[in-house]
Amino acid sequence: MSQNSKSQSGLRTFQRDFSQNVARTASQGASPDEPITIDWSPSPPHPPPKLTGPQLRRKAIEDALGGNTSAVTASKASQPLVESRTFNKRPSDSSLLLDDECSAPGPKKKRQLPPSWTEETHERATTSRSSSSTMKSQIRDLPRTSPTAANKRPAGVFLSQEQSQILRLVEEGTSVFYTGSAGTGKSVLLREIIKTMKKKHKASDAVAITASTGNISFKHLSMR
Ligand SMILES: Nc1ncnc2c1ncn2[C@@H]1O[C@H](COP(=O)(O)OP(=O)(O)OP(=O)(O)O)[C@@H](O)[C@H]1O
C-alpha cells in the first residue's frame with residue numbers, strides 16, 4: 001500500500017524555485033520524489049537587433065548567395081553599396097548616389113523647333129501676331145454709336161414680280177383688284193402704289209385714299 005501513496009497515473013508534483021533560477025528536470029537525473037525546478041527567466045528574451053537598410057540588403061544578398069560570401073562580405077563590408085545603384089534607376093536613398101549625380105544639373109535643353117521652321121516663318125508669325133493685336137485695339141477704339149433715326153428706318157422694299165406687275169398696271173391707269181392670302185404683301189404693295197402716285201401727281205389733292213373707315217385710310221395707309 002506504500003506504493004499506492006505514489007501517483008498511479010504517473011503524474012508528479014513539482015515546485016518552482018524562484019530563488020536559484022536553476023533548471024533540474026527528471027531527464028537530468030532528478031529523482032521522482034524530489035521537486036523539479038523549472039528555468040524561469042525573469043525577463044523575455046532580447047529581440048533580434050534591428051538592421052538598417054544597407055545591412056538588410058547585404059543580408060538579403062548573403063542569404064541569396066549562400067554561405068560562401070562571408071569572405072567577400074568581410075572584405076567589402078567597409079565599402080559603400082554604390083554598385084547597386086547601377087541596377088536602380090531611381091534610388092530612394094540619397095546615400096546611394098554618386099558625387100557626380102548629386103552635383104548641379106547639366107546644361108538646359110534647347111527648345112526643339114520643327115525642321116520646317118525658318119527665320120522667314122518666325123518673321124511671318126511675329127507680324128501676324130502684331131497685326132491682329134493692332135486690329136483688336138482699333139476695334140476697341142471705335143466710337144460706340146447709338147441707334148439714330150436713319151438706323152431705325154426699315155430696310156427698303158423690293159417688290160416681288162407680282163407686286164411690280166400690279167404697280168405697273170396702276171401707273172398705266174388700269175383699274176385693278178388684287179387679293180391674296182394673309183401676309184402675302186397686299187398692304188406693302190398698296191403703300192408703294194400711293195407713294196408712286198403721289199410722286200407722279202404732285203398736287204396735294206391729286207391722290208385720294210379711300211377705305212371702309214377713315215381711320216384705316218389715314219393711319220394705316222396714307223400716313224405711313
Ligand atoms: N416686297 C416686299 N419686300 C419686303 N417685305 C415685304 C414685301 N412684301 C411683304 N413684305 C412683308 O411681309 C409682311 C406681310 O406684309 P403685308 O402686311 O403687306 O401682308 P398683307 O397681305 O397685307 O397681310 P394681311 O392680309 O394679313 O393684312 C410684312 O412684314 C411686310 O413687311
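This is a short walk through the structure above, from its overall fold to its ligand site and then to a few residues of one helix. Please keep in mind that the model is predicted.

Let us begin with the whole chain. The protein has eight helices and zero strands, and read from the N terminus its elements run α-α-α-α-α-α-α-α. Of its 224 residues, 9% count as buried. The exposed surface of the protein comes to about 19,900 Å², and carbon and sulfur atoms supply 56% of that area. If you look at contacts between residues at least 6 apart in sequence, 29% of them join residues at least 24 apart.

Now turn to the ligand. Which residues surround the ligand? Going along the chain, they are V157, F158, L159 and Q163, followed by S181, A182, G183, T184, G185, K186, S187 and V188. By class, this shell has five nonpolar, six polar and one charged residues. Helix α7, which covers residues 186-200, gives the largest share of the shell, with three residues.

Several backbone atoms come close enough to the ligand for polar contacts, and three are worth finding on screen. At F158, a backbone N or O atom lies 2.9 Å from a nitrogen atom of the ligand. Two others face ligand oxygen atoms: a backbone N or O atom of T184 lies 3.2 Å from one, and a backbone N or O atom of V188 lies 3.0 Å from one. Taken alone, the ligand exposes 620 Å², of which the protein buries 53%.

From here we can move to the nonpolar interior. The largest nonpolar core has seven residues, namely I166, L167, V170, L189, I193, M197 and V207. Helices α6 (161-171) and α7 each supply at least two residues of this core. Within it, V170 touches I193 and M197, and V170 also touches V176, leaving out residues up to four places away in sequence.

A good residue to follow next is L189, another member of that core, found in helix α7. Is L189 buried or exposed? L189 counts as buried because its relative accessibility is 2%, and the cut-off for buried is under 20%. Beyond its neighbours within four places in sequence, L189 is in contact with L159, Q163, I166, L167 and Y178. Among these partners, L159 and Q163 also belong to the ligand shell. The pair L189 and I166 shows how the chain comes back on itself: they are 23 residues apart in sequence and 8.4 Å apart in space, C-alpha to C-alpha.

Further along helix α7 you will find E192. E192 counts as buried because its relative accessibility is 16%. Leaving aside neighbours within four places in sequence, E192 is in contact with V157, L159 and L167. Of these, V157 and L159 are in the ligand shell, while L167 is in the nonpolar core.

Our last stop is T196, also in helix α7. Why does T196 count as buried? T196 counts as buried because its relative accessibility is 18%, and buried means under 20%. A polar atom of the T196 side chain lies 2.6 Å from the backbone oxygen of E192. Not counting residues up to four places away in sequence, T196 touches L167 and E171. L167 is thus a good place to end the walk: it is in contact with L189, with E192 and with T196.

How values were computed
Residues are numbered from 1 along each chain as its sequence is written. This is a predicted model: local features need pLDDT of at least 70, side-chain atom pairs count only at pLDDT 80 or more; totals for chains, interfaces and linings use all residues. Side-chain values use heavy atoms; hydrogens and water are left out. A residue is near a molecule or strand if one of its heavy atoms lies within 4 Å of it. A polar contact is a pair of N or O atoms within 3.5 Å; within protein, one must be able to donate a hydrogen and the other to accept it, and residues adjacent in sequence count only if both atoms are side-chain atoms. Accessible areas come from the Shrake-Rupley method with a 1.4 Å probe; for residues, only the protein chains shown count as cover. Helices (H or I, at least four residues) and strands (E, at least two) are DSSP runs, numbered from the N terminus. Ala, Val, Leu, Ile, Met, Phe, Trp, Tyr, Cys and Pro count as nonpolar, Asp, Glu, Lys and Arg as charged, and the others, Gly among them, as polar. A nonpolar core is a set of buried Ala, Val, Leu, Ile, Met, Phe, Trp, Tyr and Cys residues joined through side-chain atoms within 4.5 Å. Buried means under 20% relative accessible area, exposed over 50%, partly exposed in between (1.4 Å probe, protein chains only). Contact means heavy atoms within 4.5 Å.
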